[in-house]
Structures are given as C-alpha cells and as structure tokens.
Amino acid sequence: MFDAYRQWRARRSAAREARLVDAFAIPEPLWDATLARFAFVRWLDVASLQRLRRLVSLFLADKQFTMVQGLEPDDAIFAAIAVQACLPILELDLSLYGGWREIVVYPGEFVIRKTVQDEAGVVHEVVQDASGEAWHGGPVILSWQDAGDDSGFAYNVVIHEFAHKIDMRNGVADGMPPLSDAWHRGIDRPAWRAGLQACFDAFCAAVAAVPRRAWRRFEAESLLDPYAAQDPAEFFAVASETFFVAPRALADEMPPLYDLLRAYYRQDPAQWERDADAAAVK
C-alpha cells in the first residue's frame, strides 16, 4: 500500500512539474538570446542545456520579481537572472533556493546600510553602494546593470548572491554550504570542510602579505577579488562566481580550490571551456 502511495505521489509531482515547465517555458528566441549573453553558459553540452532550461522554468514558477526605481518588468531580465541563478544548482536541486520568493531588481547600484565593528570593538554604521545582496530568509537584491553584463572577468553578481543563498541553507552564511546525502555521498565531509578552510586561510595570508604600495597591482591581477578575504562566506561566494565564469583560470591557478568546488557543485566547467575552445579551432 505504501509503495503504491509513493508512486502516486511521484506521478503527481512529475505531472505538476511538467505543467509548470510548460507554463513558464522560455520562448526559443528569448532562450537563444539569453545564452548569447553569457559565454560561460554556452560551454554546456546539449543535454546540460536542456536540463538547465527545464530548471529555469521551475525557478521562474517559484520566484517573484519586484522591479524598482522605474525599471519595467521584462522577460529578458527574468530569463537572464534565472539562467545565471540556476547554473550552480544544475546538478543539485532547486530546494537549495527554498524558503523565500522575492528577487528585487534595481536599474543600477543601490545603497545598503550595515553595521561593522572595528579593531577596537567600536560599532559603526556604514553606507555603501552595492550591486547585490542576499538576505537570510528574505530576497535577493540585484543591480540589473551588473546582473545583465558578462564583461567582467571572473565576476558575476548573480552567482555570487545565489551562492550566499546556498551557503545560508545551513542556517547561517559561514562559507560552509550544506553537504547533502543525496548529492555528496562520496565526499569526506570533514576533509572537504578542512580543505575549503585551508584555501581561505591561504588566500587571506596572500592578501595580508601585500604591501600597501603594491595593493592596486595585486587587486588588478588577483584572480579572486580580494574582497573574498573578508570572511569565509564571502570567500565561498567569490570562489563560486569565479568557478563558473573563469573556471580554467581557477583550475590552473588554484587547483585545490577548483577541485573542492567541482566536487560540491558536481560540475566541471573548466573542461567545458576547454572542449568549447577545441571545438572552435576545428
């Protein structure tokens, strides 16, 4: 009896998913235009692109976009953000983005206020411009000017903020995302976490060793944004965007970090990039 009930539930769930995929399907011209925006998505093979397209439809069915400061609703904006957000969970699951619905989109950078504590223990309120922010249990906030642009090497604000959302599934953004029995059964969890911590510590040491006079050059030449040294959560988010947007560079320059992220995301974008380059030469 229980097996029959589980089978019925599975069929019902599959039928519901099929209806949502149909209802929120991206038309072919818009899909092609969205892929043309982002080189790192075009590296995927045909089967992966088909899975990504289905996942994007389910993502769009689950999330609500709020446009602010005069930005008009636009299917091109929705599709571009959804494609980038779904790439990290292509081999994982949409449930990693569960528990919240809203994506707020500004035309450009927006102002955020936060409190920081200095070395003396004094708390200050800081006002700064931002291109993205992820709230625990709340929305993802994005600048469309940045989210729709693929011109920055190793930079992607959408992947960055959605990596924070993945990290938060443990209850707090601490740079140690959840390791699931469903997807990460073969990972030695203590070794994986220790490896990621070691990569963070090594990067922080490299940043700390840069003399003030050489800072601008280091900032320009560093594969990872030095902002990644702020804390483990930012390190995971910066490393994740680099993993998908500049994977071969990350694999060459920081192979231990690349291997850790490849195991976590269950994807090998550096190989996709190599394959795409080889195909382009033929």
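Two rings of Phe, Tyr or Trp count as an aromatic pair when their centres lie within 6.5 Å. By that rule, a search of the whole structure finds 18 aromatic pairs. One of them joins Tyr-106 and Phe-110: the ring centres are 4.8 Å apart and the planes meet at 25°, so this pair is stacked, the cut-off being under 30 degrees. The model on the screen is a predicted one.

**Whole chain**

Start with the full chain in cartoon view. The secondary structure comes to 13 helices and 6 strands. Of the 282 residues, 45% are buried. Now consider contacts between residues at least 6 apart in sequence: 65% of them join residues at least 24 apart. With the surface switched on, the chain exposes about 14700 Å². Carbon and sulfur atoms supply 52% of that area.

**Stop 1: the aromatic rings**

Select Tyr-106 and Phe-110 and show the side chains of this stacked pair. Is Phe-110 buried or exposed? Phe-110 has a relative accessibility of 4%, so it counts as buried.

Next select Trp-192, Phe-236, Phe-243, Phe-244, Tyr-258, Tyr-264 and Tyr-265, which ring pairs link into a cluster. A pair of aromatic rings is described by the distance of the centres and the angle of the planes.

**Stop 2: the largest pocket**

Select Gly-132, His-160, Glu-161, Tyr-227 and Glu-234. These are the lining residues that lie nearest the centre of the largest pocket, out of 35 that line it. The volume of this pocket is about 850 Å³.

Which elements each supply at least two residues of the lining? They are strand S3 (110–117), strand S4 (123–130), strand S5 (132–134), helix H7 (157–167), helix H9 (215–221) and helix H10. Helix H10 gives the largest share, 5 residues. Coloured by class, the lining of the largest pocket shows 15 nonpolar, 8 polar and 12 charged residues.

**Stop 3: Glu-241 and Ala-154**

Stay on helix H10, where Glu-241 is placed. Glu-241 has a relative accessible area of 5%, and it is buried because the cut-off is under 20%. Leaving out residues up to four places away in sequence, Glu-241 touches Ala-154, Tyr-155, Asn-156, Val-157, Ile-159, His-160 and Ala-246. His-160 in that list is also one of the residues nearest the centre of the largest pocket.

Ala-154, another of the residues that Glu-241 touches, is the next selection. Ala-154 lies in the loop between helix H6 (144–147) and helix H7. Its relative accessibility is 9%, so Ala-154 counts as buried. Look at the backbone here: Ala-154 has a positive phi of about 60° although it is not a glycine. Most residues other than glycine have a negative phi.

**Stop 4: Arg-266**

A positive phi is also found at Arg-266, where the value is near 60° and the residue is again not a glycine. Arg-266 is placed in the loop between helix H12 (255–265) and helix H13 (269–281). How far is Arg-266 buried or exposed? At 40% relative accessibility, Arg-266 counts as partly exposed.

**Stop 5: the cavity**

Rolling a probe the size of a water molecule over the atoms shows where empty space is left. How many cavities of 30 Å³ or more are there? The count comes to 1. The largest cavity holds about 30 Å³ of space.

To find the place, select Gly-175, Met-176, Leu-196, Gln-197, Phe-200, Pro-232 and Phe-235, which line the largest cavity. Helix H8 (189–208) and helix H10 (232–245) each supply at least two residues of this lining. The largest share, 3 residues, comes from helix H8. By class, the lining of the largest cavity divides into 5 nonpolar, 2 polar and no charged residues.

**Stop 6: Trp-31**

The last selection is Trp-31, found in helix H2 (residues 28–37). The relative accessible area of Trp-31 is 4%, and Trp-31 is buried. Show the side chains of Ile-26, Leu-49, Leu-52, Arg-53, Val-56 and Val-83. Trp-31 touches each of these residues, with those up to four places away in sequence not counted. For Arg-53, a distance label can be added: the C-alpha atoms of Trp-31 and Arg-53 are separated by 8.2 Å. Along the chain, these two residues are 22 residues apart.

Conventions: Residues are numbered from 1 along each chain as its sequence is written. This is a predicted model: local features need pLDDT of at least 70, side-chain atom pairs count only at pLDDT 80 or more; totals for chains, interfaces and linings use all residues. Side-chain values use heavy atoms; hydrogens and water are left out. Helices (H or I, at least four residues) and strands (E, at least two) are DSSP runs, numbered from the N terminus. Buried means under 20% relative accessible area, exposed over 50%, partly exposed in between (1.4 Å probe, protein chains only). Contact means heavy atoms within 4.5 Å. Accessible areas come from the Shrake-Rupley method with a 1.4 Å probe; for residues, only the protein chains shown count as cover. On a 1 Å grid over the protein atoms alone, a cavity is a set of points where a 1.4 Å probe fits but cannot get out, and a pocket is an open set with protein on both sides within 12 Å along at least five of seven lines; lining residues have an atom within 4 Å of a point. Grid points are joined across faces, edges and corners, and a volume is the space filled by probe spheres set on the points. Ala, Val, Leu, Ile, Met, Phe, Trp, Tyr, Cys and Pro count as nonpolar, Asp, Glu, Lys and Arg as charged, and the others, Gly among them, as polar. Rings of Phe, Tyr and Trp (its six-membered ring) pair if their centres lie within 6.5 Å; planes under 30 degrees apart count as stacked, over 60 as edge-to-face and the rest as tilted.
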